[in-house]
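Welcome! Here is a short tour of the aromatic rings in this structure, for anyone meeting it for the first time.

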Amino acid sequence: QVQLVESGGRLVQAGGSLRLSCAASGRTFSRYTMGWFRQAPGKEREFVAGISGTGITTYYVDSVKGRFTISRDNAKNTVDLQMNSLKSEDTAVYYCAAGNRELYYSSNRYRAAEYEYWGQGTQVTVSS
């Protein structure tokens with residue numbers, strides 16, 4: 001079992017940067033595909049970025065490509081999301097999630113239902 005705790009969310013101006021971090025418990029962190037999702041008010045939860053257990057493979061939703069970077073440190077049991085050139089439409093609660101080891105190369109890797117463990121979320125607000 002994995003417990004996830006996100007941090008780093010805050011109010012930031014459009015064009016600014018923010019780094020979110022997710023701390024995971026457990027000794028098998030490197031076995032999990034990790035993902036970041038977000039949910040804006042009145043909208044469904046949306047996939048943002050994902051990373052394989054080794055950190056070699058990353059994947060993104062088109063709207064954040066070139067602006068966001070996901071990374072992980074398996075020695076520290078953390079996965080980060082560096083967000084640059086933030087836009088007002090990036091405003092949402094951001095969630096960290098963990099899925100099984102093979103998920104990163106599955107066509108289902110963008111689906112929230114495929115991720116088994118979730119954090120409580122951290123609020124990101126981008127002011128225009």
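Let us start with Tyr-59, which counts as buried because its relative accessibility is 3%, below the 20% cut-off. Please keep in mind that this is a predicted model. The bullets below follow Tyr-59 to its partners and then turn to other rings.

**Around Tyr-59**
- Tyr-110 is partly exposed, since its relative accessible area is 37%, a value in between the 20% and 50% limits.
- In the model there are 10 aromatic pairs.
- One edge-to-face pair joins Phe-37 and Phe-47, with 5.5 Å centre to centre and 80 degrees between the planes.
- This pair links distant parts of the chain, as Phe-37 belongs to strand 4 (residues 33-39) and Phe-47 to strand 5 (residues 46-51), 10 residues apart.
- Both Phe-37 and Phe-47 are buried.
- Tyr-59 and Tyr-110 also make an edge-to-face pair, at 5.7 Å centre to centre and with 85 degrees between the planes.
- Here too, distant parts of the chain are linked: Tyr-59 is in strand 6 (residues 58-60), while Tyr-110 is in the loop between strand 9 (92-99) and strand 10 (115-118), 51 residues apart.

**The wider cluster**
- One aromatic cluster is formed by Phe-37, Phe-47, Tyr-59, Tyr-95, Tyr-110, Tyr-115 and Trp-118.

**Charges over rings**
- Arg-109 lies over the face of Tyr-59, 4.5 Å from the ring centre.
- The charged end of Arg-72 sits over the ring of Phe-29, at 4.4 Å from its centre.

Notes
Residues numbered from 1 in each chain as written. Predicted model: local features only at pLDDT ≥ 70, side-chain atom pairs only at ≥ 80, totals over all residues. Heavy atoms only, no water. Phe/Tyr/Trp six-rings, centres within 6.5 Å; stacked < 30°, edge-to-face > 60°. Helix = DSSP H or I, 4+ residues; strand = E, 2+ residues; numbered from the N terminus. Buried < 20%, exposed > 50% of the residue type's maximum accessible area, 1.4 Å probe, protein only. Lys NZ or Arg CZ within 6 Å of the ring centre and 35° of its normal.
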